[in-house]
Amino acid sequence: MKKDKNTKQDTNVQDFEKKLQELAFAIDKVEDEKLIVENQLKKALADYHNLQSSMEKRQALSIFNMKKRLSEEFLPTMDAMLLSIESEKTLTLDEKEKAWFEGVVAIFESMKKSLESIGLKIYLPKVGDIFDTSIHEAIATSKNGKPGEITAVVQPGYTLDGVVIRPSKVLVSK
């Protein structure tokens, strides 16, 4: 009888050990699946952050390009108004004409301020500045002045959010 009891206990122990091994295997399998899911979630989160960053960069580039196109439409008008303002120095105006001219200057300043609010800035180098290919375009050379210096400014340059969209056109000394 004791042998039967021991045999029955051995069978129960073996059954428990077998079930315990099955449970341990199931736990290992679930932990492996959990790791796979965690890795998939981490990858998905990283992909989401990369996508978000990429979209932000694309949006910023799109906005910049839109502002650039708008700004480039205004450049000829800004240039013409600057030339008009500069020409006043060579003209003799009566009081009525001076008042009208001051209105033109006020309109130019208002337009300039509006364009500056979107990031467009006029770059007007001075005679004597050192020529810099990143912000100047040499349209001719002269023998006046020191080599590499700007001798005359033909057209102003423009930057948009710190990026040169049109270099200033200048004469440079040889």
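The following conversation goes through a predicted model, beginning with the whole protein and ending at one residue.

Colleague: Which elements make up the protein, and in what order do they run?

Modeller: The protein holds 2 helices and 6 strands, and from the N terminus on they follow the order α-α-β-β-β-β-β-β.

Colleague: What makes the protein more spread out than a compact globule?

Modeller: Its radius of gyration is 38 Å, whereas the globule rule gives 16 Å for 174 residues, and because the value lies well over that figure, the protein is called more spread out than a compact globule. The box filled by its C-alpha atoms, taken along the principal axes, is roughly 135 × 40 × 20 Å.

Colleague: How much of the protein counts as buried?

Modeller: Of the 174 residues, 19% count as buried, and the accessible surface comes to about 13400 Å², with 59% of it belonging to carbon and sulfur atoms.

Colleague: Where is Glu149 found, and why is it said to have no salt bridge?

Modeller: Glu149 sits in the loop between strand S2 (136–142) and strand S3 (150–155). A salt bridge requires a side-chain nitrogen of Lys or Arg within 4 Å of a carboxyl oxygen, and the nearest side chain of opposite charge, Lys146, is 4.5 Å away, so Glu149 has no salt bridge although it is buried.

Colleague: Which residues does Glu149 touch, not counting those up to four places away in sequence?

Modeller: With those left out, Glu149 touches Gly128, Asp129 and Ile130, and also Leu171, Val172 and Ser173.

Notes
Residues are numbered from 1 along each chain as its sequence is written. This is a predicted model: local features need pLDDT of at least 70, side-chain atom pairs count only at pLDDT 80 or more; totals for chains, interfaces and linings use all residues. Side-chain values use heavy atoms; hydrogens and water are left out. Helices (H or I, at least four residues) and strands (E, at least two) are DSSP runs, numbered from the N terminus. Buried means under 20% relative accessible area, exposed over 50%, partly exposed in between (1.4 Å probe, protein chains only). Lys and Arg count as positive and Asp and Glu as negative; His and the chain ends are not counted. Contact means heavy atoms within 4.5 Å. The radius of gyration is taken over C-alpha atoms; the globule rule is 2.2 Å times the number of residues to the power 0.38. Accessible areas come from the Shrake-Rupley method with a 1.4 Å probe; for residues, only the protein chains shown count as cover.
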